[in-house]
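Work through the exercises below with the sequence and the model side by side. Each one sets a task and is followed by a solution in steps.

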Amino acid sequence: MEPIEILSMTLGTIAAASFFLQAFKIEKLRESKEIALPMYLILLVTAITWLLYGISIGSLPLIVSYSVGIVSNATVIVVYFMHDKSRK
């Protein structure tokens with residue numbers, strides 16, 4: 001693997017994992033009213049598309065970073081609904 005691929009995989013994974021910070025904040029505050037759910041849904045669909053593309057071309061950096069992105073975005077969405085007071 002080339003150094004640029006290692007760098008892009010590392011930075012992509014860190015960027016994708018940063019969405020966990022939002023999930024932690026929602027969990028800590030126990031409310032999700034300030035979260036733009038459509039944004040996270042769009043990001044989830046986009047991450048799934050990029051993951052499928054990465055798989056199709058065999059790109060490990062895309063596969064790793066977008067797999068983390070899918071998990072982190074899905075976590076935000078799940079925690080959002082766990083603490084969505086408007087649904088109760």
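A residue counts as buried when its relative accessible area is under 20%, as exposed when that area is over 50%, and as partly exposed in between, using a 1.4 Å probe and protein chains only. The model is predicted, so that local features need pLDDT of at least 70 and side-chain atom pairs count only at pLDDT 80 or more, while totals for chains, interfaces and linings use all residues. Residues are numbered from 1 along each chain as its sequence is written, and side-chain values use heavy atoms, with hydrogens and water left out.

**Exercise 1. Determine whether Ser 65 is buried or exposed, and describe its surroundings.**

Step 1. Ser 65 has a relative accessibility of 7% and therefore counts as buried.

Step 2. Place the residue in its element: Ser 65 belongs to helix H4, which covers residues 60-82, where a helix is a DSSP run of H or I with at least four residues, numbered from the N terminus.

Step 3. List the partners, taking contact to mean heavy atoms within 4.5 Å. Once neighbours within four places in sequence are set aside, Ser 65 touches Met 9, Gly 12, Thr 13 and Ala 16. The C-alpha atoms of Ser 65 and Ala 17 are 8.4 Å apart, although 48 residues separate the two in sequence.

Step 4. Turn to the side chain, where a polar atom of Ser 65 lies 2.8 Å from the backbone oxygen of Pro 61.

**Exercise 2. Describe the protein chain as a whole.**

Step 1. Read off the elements: the protein chain has four helices and zero strands, in the order α-α-α-α from the N terminus on.

Step 2. Consider its extent and burial. The C-alpha trace spans about 50 × 20 × 15 Å along its principal axes, and 30% of the 88 residues count as buried.

Step 3. Examine the contacts between residues at least 6 apart in sequence, of which 72% join residues at least 24 apart.

**Exercise 3. Find how many aromatic pairs the whole structure holds, and analyse two of them.**

Step 1. Rings of Phe, Tyr and Trp (its six-membered ring) pair if their centres lie within 6.5 Å, and planes under 30 degrees apart count as stacked, over 60 as edge-to-face and the rest as tilted. A search of the whole structure finds four such pairs.

Step 2. The ring centres of Trp 50 and Tyr 53 are 5.7 Å apart and their planes stand at 85°, so this pair is edge-to-face. Because Trp 50 and Tyr 53 are three residues apart in helix H3 (residues 37-57), about one helical turn separates them. Trp 50, at 37% relative accessibility, is partly exposed, as is Tyr 53 at 43%.

Step 3. Tyr 80 and Phe 81 also form an edge-to-face pair, with 5.2 Å between centres and 90° between planes. Tyr 80 counts as buried at 12% relative accessibility, whereas Phe 81 is partly exposed at 36%.

Step 4. Finally, look for a cluster: Trp 50, Tyr 53 and Tyr 66 form one.

Note on methods:
Helices (H or I, at least four residues) and strands (E, at least two) are DSSP runs, numbered from the N terminus. A polar contact is a pair of N or O atoms within 3.5 Å; within protein, one must be able to donate a hydrogen and the other to accept it, and residues adjacent in sequence count only if both atoms are side-chain atoms.
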